[in-house]
Amino acid sequence: KRKCIENKEERKYKFCDTYTEWKAHVKEILPKGITNYDDMLHWLYMKKRDAERRLGAIKAILIPAYIALLGIMEFIEPFNANKYEIGSMKTSCNIGNFFFFFIILIVIMLVSMKILREAERRVNFYTDFICIAEEEKSI
């Protein structure tokens, strides 16, 4: 009971509800008599490595950004304008600015979590697809 959605170019996309259903669909669409199956597997491994590199780069950018944003929030104190002094730098902030920075922090964290989740899903997809392709090769 897969749903098929057609786009403008008349391609059909199938949405599977379970992993087993998706695995059966992948086994159906994998080319059976391909002579360069190893090349296809090599290409899939290359795509997986690219997805892993992208995930690593995203993590390398997001983790310091989180720390920096949290650090900025630490030095913005909404009720006492001159509480912290670092060298000659004094923080001054009213309650409106504090909540503005807090909302920006939440939005950035939510967007970056979505980006990180999509990158992780891509790596997991290639891992699962390679596993199914290797199963089919051995048959």
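**Notebook: aromatic rings and salt bridges**

I began with the rings, and I noted that Tyr 19, Trp 22, Phe 125, Tyr 126 and Phe 129 form one aromatic cluster. I keep in mind throughout that this is a predicted model.

**Entry on the aromatic pairs**

I looked up how many aromatic pairs the structure holds, and the count is five. One of them joins Tyr 19 and Trp 22, whose rings lie 5.8 Å apart from centre to centre with 40 degrees between the planes, and I wrote this pair down as tilted. I then checked where these two residues sit, and found that they are three residues apart in helix 1, which covers residues 19-29, so about one helical turn separates them. Their surroundings I noted separately: Tyr 19 is partly exposed, with 41% relative accessibility, whereas Trp 22 is buried at 19%, a value that counts as buried because the cut-off is under 20%.

I turned next to Phe 125 and Tyr 126, which form an edge-to-face pair, with 5.4 Å between the ring centres and 70 degrees between the planes. Here I recorded Phe 125 as partly exposed, at 37% relative accessibility, and Tyr 126 as buried, with a relative accessible area of 12%.

**Entry on the salt bridges**

I reminded myself that side chains of opposite charge can pair when their charged atoms come close. How many salt bridges does the count come to? I found six.

I looked first at Lys 23 and Glu 135, whose side chains meet in a salt bridge at 3.4 Å from N to O. Since Lys 23 belongs to helix 1 and Glu 135 to helix 3 (residues 95-138), this pair ties together parts that are 112 residues apart in sequence. Glu 135 is partly exposed, at 29% relative accessibility.

Glu 135 also meets the side chain of Lys 27 in a salt bridge, with 3.7 Å from N to O. Lys 27 lies in helix 1 and Glu 135 in helix 3, so this bridge ties together parts 108 residues apart in sequence. I noted Lys 27 as partly exposed, with 26% relative accessibility. I also wrote down that Lys 23, Lys 27, Glu 135 and Glu 136 are linked in a network of salt bridges.

**Entry on helix 2**

Last, I looked up Arg 53, which forms a salt bridge with Asp 50, their closest N and O atoms being 2.8 Å apart. Both residues lie in helix 2 (residues 37-75), three residues apart, which is about one turn of the helix. I recorded Arg 53 as exposed, at 53% relative accessibility, and Asp 50 as partly exposed, at 33%.

Notes. Residues numbered from 1 in each chain as written. Predicted model: local features only at pLDDT ≥ 70, side-chain atom pairs only at ≥ 80, totals over all residues. Heavy atoms only, no water. Phe/Tyr/Trp six-rings, centres within 6.5 Å; stacked < 30°, edge-to-face > 60°. Helix = DSSP H or I, 4+ residues; strand = E, 2+ residues; numbered from the N terminus. Buried < 20%, exposed > 50% of the residue type's maximum accessible area, 1.4 Å probe, protein only. Salt bridge = Lys/Arg side-chain N within 4 Å of Asp/Glu carboxyl O.
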